[in-house]
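Welcome! Let's take a walk through this structure together, pausing at a few spots along the way.

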Amino acid sequence: MTIRSECGHVSQFLSRYCTDGQLATITIRQIDEAIAHKGSQDHCKRASIKFYADSLRAFFRYAETQGRCRSGLAAAIMAPCVYQDELLSTGPSWEVVQQLMASTTGNCPVNIRDRAILMLFVVYGLRSEEVQRLQLEDLDWKREVINIVRPKSRRTQQYPLTPTVGEAILRYLKEVRLHHPSRHVFLTLHAPYNPLSRSSLWKAVCDRLRPL
């Protein structure tokens with residue numbers, strides 16, 4: 001996917017500024033103009049503009065080694081700065097989180113299940129895929145730890161199973177979740193009782209956030 005994206009950036013640039021196929025005529029002014037165009041005309045965000053500039057830099061660095069373009073072009077390409085964590089989305093305020101948790105009180109099965117799910121999001125900051133893939137054996141009740149399999153690295157990380165989270169999950173397991181061959185912790189509330197999908201997890205959150 002990265003290769004396709006970078007090739008697409010280079011092809012787009014060449015179609016605009018190198019119609020004669022001669023890289024030797026390309027100037028840094030044209031490259032700067034192309035990068036500026038991504039923001040002013042294409043309305044791209046800084047992260048996308050940086051990716052575009054990095055793609056051009058890699059291409060012209062290679063072109064220089066082949067003697068196909070002017071020397072120093074790659075080093076002169078400037079990309080906007082994208083600072084660490086600036087692209088992370090802003091979460092709801094703590095007041096909204098408290099209201100969200102308050103909406104799961106009571107003895108309704110869906111509230112009991114969703115409370116356990118939301119506790120995992122709120123306390124541990126888990127991703128939807130990590131909650132969706134949670135297995136019964138990932139809950140070590142004797143040692144009071146919870147094992148989370150990270151989706152990218154596939155590594156398992158252990159966290160203390162806090163009393164509030166443990167109580168919420170245990171109540172769900174005892175009062176709501178039926179005995180079922182599936183090892184997934186969270187299942188649908190109606191037959192055929194399949195594991196919850198990631199979209200279902202997000203719907204559970206969004207449906208409760210909407211009235212707040």
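**Starting at a strand**

Leaving aside residues up to four places away in sequence, Asn147 touches Leu134, Glu137, Asp138, Thr156, Gln157 and Gln158. Before going further, please keep in mind that this is a predicted model. You can find Asn147 in strand β2, which covers residues 145-149. Is Asn147 buried or exposed? Its relative accessibility is 12%, and buried means under 20%, so Asn147 counts as buried. One of its neighbours deserves a second look: the side chains of Asn147 and Gln158 make a polar contact of 3.0 Å.

**The loop before β2**

Now step back along the chain to Glu144, in the loop between β1 (139-140) and β2. In contrast to the buried Asn147, Glu144 is exposed, with a relative accessible area of 52%. Its backbone is worth a look too. Most residues other than glycine have a negative phi, and most peptide bonds are trans. Glu144 is not a glycine, yet its phi is positive, near 60°.

Strand β1 is where Asp140 lies. Which backbone nitrogens lie by a polar atom of the Asp140 side chain? The backbone nitrogen of Arg143 lies 3.1 Å from such an atom, and for the backbone nitrogen of Lys142 the distance is 3.4 Å.

**The loop between α8 and α9**

Next, please find the loop that links α8 (163-175) to α9 (198-209); Ser197 is found there. Pro192 belongs to the loop between α8 and α9 as well, and so does Tyr193. The peptide bond leading from Ala191 into Pro192 is cis, with omega near 10°. Tyr193 has a positive phi of about 55°, although Tyr193 is not a glycine. As for its surroundings, Tyr193 is partly exposed, with a relative accessibility of 27%.

Ser197 is also partly exposed, at a relative accessible area of 29%. Which side chains does the Ser197 side chain join through polar contacts? The side chain of Ser199 is joined to that of Ser197 by a polar contact of 3.0 Å, and the side chain of Ser200 by one of 2.9 Å. Ser197 can also be placed against a residue from another part of the chain: Arg133 is 64 residues away in sequence, and the two C-alpha atoms are separated by 9.1 Å.

Moving on into helix α9, you come to Lys203. With 51% relative accessibility, and exposed meaning over 50%, Lys203 counts as exposed. Looking back from Lys203 to Pro192, the separation is 11 residues in sequence and 19 Å in space, taken from C-alpha to C-alpha.

**Two pairs of helices**

Let's finish with how some helices meet. Two packed helices are described by the angle between their axes and the distance between the axes.

Take α6 (residues 109-124) and α8 to begin with: their axes come within 8 Å and cross at roughly 155°. How do α6 and α8 run relative to each other, roughly parallel or roughly antiparallel? Angles over 145 degrees count as roughly antiparallel, so that is how α6 and α8 are described. The crossing in which α6 passes α8 is left-handed. On the α6 side, the contact is made by Ile112, Arg113, Ala116, Met119, Leu120, Val123 and Tyr124, and these meet Thr164, Val165, Ala168, Ile169, Arg171, Tyr172 and Glu175 in α8. Sorted by kind, the residues of this contact between α6 and α8 are 10 nonpolar, one polar and three charged.

The second pair is helix α1 (residues 2-17) and helix α3 (residues 46-65), which pack at an angle of about 80° with their axes 9 Å apart. Angles from 65 to 115 degrees count as roughly perpendicular, and α1 and α3 are therefore roughly perpendicular to each other. Here Thr2, Ser5, Glu6, His9, Val10, Gln12, Phe13 and Leu14 in α1 meet Phe51, Tyr52, Ser55, Leu56, Ala58, Phe59 and Phe60 in α3. The residues of this contact between α1 and α3 divide into nine nonpolar, five polar and one charged.

Note on methods:
Residues are numbered from 1 along each chain as its sequence is written. This is a predicted model: local features need pLDDT of at least 70, side-chain atom pairs count only at pLDDT 80 or more; totals for chains, interfaces and linings use all residues. Side-chain values use heavy atoms; hydrogens and water are left out. Helices (H or I, at least four residues) and strands (E, at least two) are DSSP runs, numbered from the N terminus. Buried means under 20% relative accessible area, exposed over 50%, partly exposed in between (1.4 Å probe, protein chains only). A polar contact is a pair of N or O atoms within 3.5 Å; within protein, one must be able to donate a hydrogen and the other to accept it, and residues adjacent in sequence count only if both atoms are side-chain atoms. Axes are lines fitted to C-alpha atoms, for helices over the stretch in contact, and angles run from 0 to 180 degrees between N-to-C directions. Angles under 35 degrees count as roughly parallel, over 145 as roughly antiparallel, 65 to 115 as roughly perpendicular and the rest as oblique. A crossing is left-handed if the near helix is turned anticlockwise from the far one by less than a right angle, and right-handed if clockwise. Contact means heavy atoms within 4.5 Å. Ala, Val, Leu, Ile, Met, Phe, Trp, Tyr, Cys and Pro count as nonpolar, Asp, Glu, Lys and Arg as charged, and the others, Gly among them, as polar.
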